[in-house]
Amino acid sequence: MKRKTKFRYDVSQGESVTIKVTPIETGARVTAADNGEKLENSNGPDTPTFEFEVDQVPGNSHFVIVECSFLDEDPNTAHFDFELRGSKGGVFKDVVVRKTNQIWDPEFRFTVS
Amino acid sequence: MVIPRVSCRTPLFLMTCLVLPCNALQAQEYENPPEVLRDAASRGAADILSEFERGTQASEAAELLDQVWNRLVFYTVADALPGDDPHEVRGLQAYRYLAELGRTDKQLGATSSGPGSTSLAEKPGIPELLALAVEHGAIEQSVNGTGLTLSTSPYAFVRLLEPDNAANFEQYGLWRRLGGSVTFDMRSEDPTVANVDINQVAEWSVRVRVIGDRSTRTKKFTQRWSEVVQPKIQARLNALSGGISKALNGSPELQDAADSSSEALKGQIAGYLESSDGVPREQRIEIITTMTLSALKTTVFDPISESRIALSEETFRGITVAMSGLVKAHQDLFSAQQDLGGILDELNRSPLLTVAFTHHTKVQGSAYSDAKLLFEAHVAPFDAVVNGFISWYDHPDPAFNQESVRDFGGTVELAGSVKNPFGRSKKLDVVEPILISAAYQLSRLEEANDAIHIAQVKFSIPVTTGVTLPLSVTYASRTDLIDEDEVRGNFGFSLDLDKLYALAHAFAGF
C-alpha cells in the first residue's frame with residue numbers, strides 16, 4: 001500500500017487493508033463502510049479494527065468511510081488515532097480525528113493500481 | 001421538481017475571484033447548492049484552515065480536502081442528473097453528528113451546608129473534569145454567602161501522565177471512583193478562580209463512588225450504543241460510500257475529471273492559505289468553501305448536466321438508489337438522536353451510591369466534619385435522591401453546649417422534569433428540560449436538643465447550554481443558630497465547562 005495523501009492510497013489486487021482506530025479520552029464508538037457494505041469490527045471493543053481485501057479491478061477504488069462518534073460530554077481534547085496497514089507493506093499512523101474537527105467521518109480511498 | 005437558482009453570495013464569489021490565480025477566474029459560481037453539499041464543503045474548509053492554523057504546511061493542510069471530496073462529487077452528480085429521484089439531494093438537510101447534552105447527576109455546587117448552597121439533597125455523581133459553580137444564597141446558615149466550588153477527580157490527573165485510552169480507562173477505574181471538591185467563600189471577592197485564596201476555603205470534600213458508573217465510556221454503555229444507535233449510522237455510511245462508489249467507479253471519465261479538479265483545487269487552496277494571513281477566520285472558511293463549490297460546478301455539475309460526461313444507465317440507477325437510501329438514513333438519524341437520548345437517560349437513571357466526607361471550616365462557630373451516604377436511583381416517574389448523614393465537631397465548645405456529635409439525619413428528594421422553553425436557538429438544538437424537585441430533610445441538632453425540619457422546592461432552569469439557573473424556596477423549622485422558623489428564597493447560576501467546551505465546538509465553523 002502506497003500513500004498519495006493521508007486519505008488516498010494505491011493498493012494491489014488481493015491485498016488486505018487494516019484500519020485500526022484507538023479512542024483517546026472518549027468511548028470506542030466507531031462505524032465503517034466500504035463501497036456500500038458494512039465493515040465489521042474484527043477486534044475487541046477497546047480498539048475497533050476494520051479489515052477488507054482489495055477486490056476491485058485496476059483503476060477502481062474502495063471508498064471507505066469511518067465515522068467516529070463523540071458525545072458532548074467528551075472533553076475537547078478527545079480524539080481517535082488511526083493506523084492504516086497494507087498486507088503488502090505500508091503502515092501509516094498520522095491520521096487523527098479530533099473532537100474539535102468539523103469532519104468526524106473521513107473518507108479513505110484505496111485505488112487499485 | 002423546480003430548483004431555485006437565486007444566488008445571495010455573488011459578492012463573495014467576486015471577492016474569491018479576486019484572490020485566486022488567473023485560471024480560477026474561469027470558474028463559475030455554484031448558485032444555491034444543496035444544503036448537504038454546502039455544509040460538507042464548509043466543514044471540510046474549516047478543517048483545512050484549522051490544520052493550517054496548527055502550523056501544518058499549506059499544501060499538506062489542503063490535502064484534508066480528500067476527506068470529503070468524494071462525497072462532494074457524489075452530491076454534485078446527484079444534483080446535476082436529470083429527473084426527480086437524484087434531486088432528493090436537495091431535500092437532504094445538513095448532516096449533524098449525533099451528540100447529546102443533559103448530564104444532571106453531577107454535584108456542581110457546594111454541598112448542602114456550604115456557603116451559598118441552593119441544594120438540600122446532594123447528588124452522588126463525580127465530574128471528571130474541573131467543574132465550576134458559583135452560587136448565591138444560603139441554606140442551613142444564618143448568614144448569606146457566596147460560594148465558589150471547584151470539583152475534580154484524581155483520574156483527571158492520571159490522564160496527564162498516561163494516554164487516556166480504553167485500556168487505561170478500565171485499568172485506572174478506581175481513580176474514577178474518587179472525587180474531591182473545595183468550596184471558597186467569595187463574599188468579599190469577585191467569584192473567579194483567579195481571586196481565590198487558601199484562607200477562603202469554607203469546606204473541602206472527598207467522595208468515593210461505591211456502586212454504579214454513569215460514564216459513557218464504559219463497555220456497557222458502548223454495547224447499548226452499538227445496539228441502538230450504531231445501526232442507523234451504519235445505514236448512512238453504507239448509502240454514502242455506496243453512492244460514491246457507484247458514481248466514481250461507474251464512470252472513469254467522471255473519476256478523471258474529479259481527480260484533476262481536486263488536484264487543481266488543492267493547489268489553489270494552498271495558495272490562498274499562504275496569501276490570506278490576517279483575513280478573518282470565518283471569511284477564509286467561506287472563501288475556501290466558495291472555491292470548492294465553484295470547482296465542483298465547473299468540473300462536475302456542468303459536464304454532467306450538459307451530458308459532456310455521460311453516465312451509464314446502471315450508474316444512474318445506482319446513484320438514484322444510493323440517494324434514496326441516504327435520504328432514509330438521514331431521516332432515521334433524526335430519530336436516532338432520540339434513541340441516543342434514551343440510552344443516556346438509561347445511563348443517568350442507573351443507581352449510584354457514594355460515600356462522602358466533608359470538612360467545614362466555619363468562619364463563624366466551630367469547625368466540623370460530616371460523613372454522608374448519597375444514593376440516587378430512578379423510581380418511575382421520579383429520580384430519587386436519598387442522603388443519610390452524621391456530623392461532629394473537631395473541637396466541641398462546652399460554652400455553646402456542643403458535644404462531639406453535632407447533628408444527624410436524612411434527606412429525601414424526588415425530582416422530575418418538564419419541557420424547557422429556553423435554550424433553543426435553532427430548531428434542531430437539543431434542549432435540556434427544566435428540573436423540578438421537592439425535598440424534605442429531618443435532622444437532630446444535638447446542642448439545641450431539637451429536631452429540624454426543612455422542606456424545599458427547587459427549579460433548575462437551563463437558560464442556555466452549560467448555564468443553569470437554580471431557584472429554590474425553602475422552609476426551615478429553625479436554623480443551626482436561631483430557634484425560629486423561616487422561609488427563604490435562593491437563586492444562583494451554575495457553569496458546566498464540559499458543556500461549554502462542547503458548545504464551542506458545536507458552533508465552530510457555522
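**Exercise 1. Determine which residues L72(B) touches in this predicted model, leaving aside residues up to four places away in sequence, and place L72(B) in its wider setting.**

Solution.
Step 1. Once residues up to four places away in sequence are set aside, the partners of L72(B) are L37(B), A40(B), A41(B), T292(B) and L296(B).
Step 2. The largest nonpolar core comprises 100 residues, and L72(B) is one of those that touch the most other members. The others in that group are A32(A), I48(B), V73(B), V77(B), I269(B) and I288(B).
Step 3. Helix α12 of chain B, residues 313-348, gives the most to this core, namely 11 residues.
Step 4. A general tendency may be recalled here: in soluble globular proteins, nonpolar side chains tend to be buried together.

**Exercise 2. Describe the contact between the two chains: how many residues of chain B are in contact with chain A, and which elements of chain B give two or more residues to that side?**

Solution.
Step 1. On chain B, 48 residues are in contact with chain A, where 46 residues take part.
Step 2. The elements of chain B that give two or more residues to this side are α2 (35-53), α4 (66-80), α6 (166-171), α8 (219-228), α9 (230-249) and α13 (497-507).
Step 3. The largest share comes from α9(B), with 12 residues.
Step 4. Sorted by class, the side of chain B that touches chain A holds 20 nonpolar, 15 polar and 13 charged residues.

**Exercise 3. Characterise the fold of chain A: what are its elements, and why may its radius of gyration be said to agree with that of a compact globule?**

Solution.
Step 1. Chain A contains 10 strands and zero helices. Its pattern along the sequence therefore reads β-β-β-β-β-β-β-β-β-β.
Step 2. A compact globule of 113 residues would have a radius of gyration near 13 Å; chain A has 14 Å, so the value agrees.
Step 3. Taken along the principal axes, the box filled by the C-alpha atoms of chain A is roughly 45 × 25 × 25 Å.
Step 4. Of the 113 residues in chain A, 55% are buried, a residue being counted as buried if 20 or more other C-beta atoms lie within 10 Å of its own.
Step 5. Among contacts in chain A between residues at least 6 apart in sequence, 69% join residues at least 24 apart.

**Exercise 4. Give the corresponding description of chain B: how many helices and strands does it have, and what percentage of its residues count as buried?**

Solution.
Step 1. Chain B has 13 helices together with 12 strands.
Step 2. Buried residues account for 45% of its 510 residues.
Step 3. Of the contacts in chain B with a separation of 6 or more, 70% are between residues 24 or more positions apart.

Note on methods
Residues numbered from 1 in each chain as written. Chains lettered and ligands numbered in written order. Predicted model: local features only at pLDDT ≥ 70, side-chain atom pairs only at ≥ 80, totals over all residues. Contact = placed C-beta atoms within 7 Å. Helix = DSSP H or I, 4+ residues; strand = E, 2+ residues; numbered from the N terminus. Nonpolar A, V, L, I, M, F, W, Y, C, P; charged D, E, K, R; others polar. Rg over C-alpha atoms; globule rule 2.2 N^0.38 Å. Buried ≥ 20, exposed ≤ 12 C-beta atoms within 10 Å, placed from the backbone. Core = buried A, V, L, I, M, F, W, Y, C linked by C-beta atoms within 7 Å.
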